Amino acid sequence: MASISDPPEICHALEQLEATKREIEQLSSRLTVLQKKHDKLQQTINAYRASCAPIHAFPDELLLQILEEYTEHDPYLAASSLLVCRRWHNIALHAPQLWNYIEFTFSNEWDMKRAAALSKTMYMACLARSGSRQLHIRIDIAGLNTSSDRLRDLVLAYILSLEPEMDARQAKDASTRWSSSWLLPKNSLSYISHVYQLFRWLTGSDDAQRHRWETLSLALPAGKEDRNGFWSLFCCTAPNLTSLSVTNFFDSMIRRDASPRFPRLESLAVSGRIAFLRNLSPGIDTTSITRLEIIFTEPLAYTWASDLALFSRLRHLGIIDRRKYRVQGICLPTDATFDHLESLHFSTTAPTDIIWNVPPLRVLRVGIDLNDWLIKVPDVQAEHVAVEFTWDFLNGMEKKLSEIS
């Protein structure tokens with residue numbers, strides 16, 4: 001507002017300023033109305049175009065079949081499909097076959113409590129939505145470390161920063177280098193890990209839900225204490241489980257007080273340090289297993305080969321040797337027979353000692369990883385033969401070819 005002391009030209013300018021403000025307010029109000037009208041028209045156009053999209057002409061049955069196919073490989077797809085549109089939401093919500101594949105994946109998140117709570121909520125939702133269907137459980141905790149493990153890593157990193165010439169092994173034994181010794185914190189898995197509590201609830205709370213387990217894929221942590229702690233939880237009873245896959249498996253985990261009880265198991269795949277398999281009995285009926293896959297990842301002398309006689313009705317056998325340092329080759333006893341075997345997957349660096357007492361096979365897959373080029377395959381008959389070359393073999397071949405040239 002103009003004051004009495006303002007000259008006429010300032011009073012006139014103030015009046016114009018007020019008029020300009022009123023005009024701006026009117027235009028702003030008008031712009032808001034037009035923007036709302038624009039958004040509404042755009043929504044109408046988008047809704048029309050969406051309704052005309054080819055996917056809406058797609059039959060519900062085919063859409064459900066596609067979702068079911070991909071959900072088997074990615075269980076999280078079922079929950080994601082609820083957010084696409086109302087039609088997909090209704091289809092997915094009322095399709096039990098989309099909810100019987102359940103996956104638990106945990107990494108080193110600090111907020112384990114929230115992650116475990118969300119996983120439990122999702123598991124309960126899948127139980128309700130899957131009806132009475134058999135469940136396929138996947139659990140990946142291979143990269144999971146407890147809080148003490150992470151604290152231990154921080155402490156070791158700090159020590160190495162103080163003494164750069166010290167390696168990790170010396171840092172763990174720092175008391176030999178420093179006047180004042182220190183102790184690494186011990187794991188207290190059952191108290192600090194909400195993930196551990198989740199799986200303890202999963203395997204011990206309700207027998208009815210474990211009766212619905214049909215397949216179980218379990219990737220255990222690499223740390224010994226964590227691995228043994230989680231494995232003991234899954235030494236439970238699942239009477240209808242037909243398939244078990246375990247990564248980071250160590251046969252020392254199997255004891256009388258820590259052995260799974262899966263009496264109807266038909267398929268078994270283990271990866272890790274396997275010296276013997278006989279301790280799987282009596283919780284697992286080895287005579288009912290028709291598919292066995294063993295992946296060796298740890299260097300040790302094997303005694304497991306004689307245990308294969310326990311699996312008398314095998315139809316598929318896979319033996320894959322991924323040991324970085326090989327103590328000895330794999331050797332089967334000559335009296336081991338596989339009368340029912342149909343397919344054999346064999347990958348190792350030392351196949352020369354193998355004597356296979358098997359009938360003519362339907363499929364033979366051989367993995368080649370021989371540095372000396374002495375490629376020998378099992379002396380068996382097969383309708384279909386596939387040879388797989390590893391990267392180590394191909395790199396070695398390229399190096400030798402370059403030397404020759």
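This is a conversation between a student and a tutor about how terms are applied to one predicted model.

Tutor: Some ground rules before we start. The model is predicted, so local features need pLDDT of at least 70 and side-chain atom pairs count only at pLDDT 80 or more, while totals for chains, interfaces and linings use all residues. Residues are numbered from 1 along each chain as its sequence is written, and side-chain values use heavy atoms, with hydrogens and water left out.

Student: How many helices and strands are in the chain?

Tutor: The chain has 12 helices and 10 strands. Helices (H or I, at least four residues) and strands (E, at least two) are DSSP runs, numbered from the N terminus.

Student: What makes R210 count as buried or exposed?

Tutor: Buried means under 20% relative accessible area, exposed means over 50%, and partly exposed is in between (1.4 Å probe, protein chains only). R210 has 7% relative accessibility, so R210 is buried. You will find R210 in helix 10, residues 207–210.

Student: Which residues is R210 in contact with, leaving aside its neighbours within four places in sequence?

Tutor: Contact means heavy atoms within 4.5 Å. On that basis R210 is in contact with L202, T203, G204, S205, C236, T237, A238 and P239.

Student: C236 is on that list. Why is there no disulfide between C236 and C235?

Tutor: A disulfide is a pair of cysteine sulfur atoms within 2.5 Å. The closest cysteine sulfur to that of C236 is in C235, 7.7 Å away, so the two are too far apart for a bond. Looking from C235, the closest cysteine sulfur is the one in C236, again at 7.7 Å. The count for the structure comes to zero disulfides.

Student: Are C235 and C236 buried or exposed, and how do you know?

Tutor: C235 has a relative accessible area of 10%, so C235 is buried. C236 is buried as well, with a value of 5%.

Student: Why is F58 called partly exposed?

Tutor: The relative accessibility of F58 is 28%, which lies between the two cut-offs, so F58 counts as partly exposed. F58 sits in the loop between helix 1 (8–51) and helix 2 (60–71). Not counting residues up to four places away in sequence, F58 touches L63, I66 and R87.

Student: And what about N248?

Tutor: N248 has a relative accessible area of 23%, so N248 is partly exposed too. N248 belongs to strand 4, residues 243–250. Its phi is near 60°, a positive value in a residue other than glycine.

Student: Why does H345 count as buried?

Tutor: H345 is at 9% relative accessibility, which is under 20%, so H345 counts as buried. H345 lies in strand 8 (residues 343–348). Its contacts, leaving aside neighbours within four places in sequence, include H316, R365 and E388. H345 and H316 are 29 residues apart along the chain, and their C-alpha atoms are separated by 8.0 Å.

Student: What makes an empty space a cavity, and what makes it a pocket?

Tutor: Rolling a probe the size of a water molecule over the atoms shows where empty space is left. On a 1 Å grid over the protein atoms alone, a cavity is a set of points where a 1.4 Å probe fits but cannot get out. A pocket is an open set with protein on both sides within 12 Å along at least five of seven lines, and lining residues have an atom within 4 Å of a point. Grid points are joined across faces, edges and corners, and a volume is the space filled by probe spheres set on the points.

Student: Which residues line the largest cavity?

Tutor: The lining is P75, Y76, Y101, I102, E103, M122 and C126. Strand 1 and helix 5 each give two or more residues to this lining, and strand 1 gives the most, with three. The volume of the largest cavity is about 50 Å³.

Student: How many residues of each class line the second largest pocket?

Tutor: Ala, Val, Leu, Ile, Met, Phe, Trp, Tyr, Cys and Pro count as nonpolar, Asp, Glu, Lys and Arg as charged, and the others, Gly among them, as polar. By that rule the lining has eight nonpolar, two polar and one charged residues. Helix 5 supplies the largest share, five residues, and the pocket has a volume of about 170 Å³.
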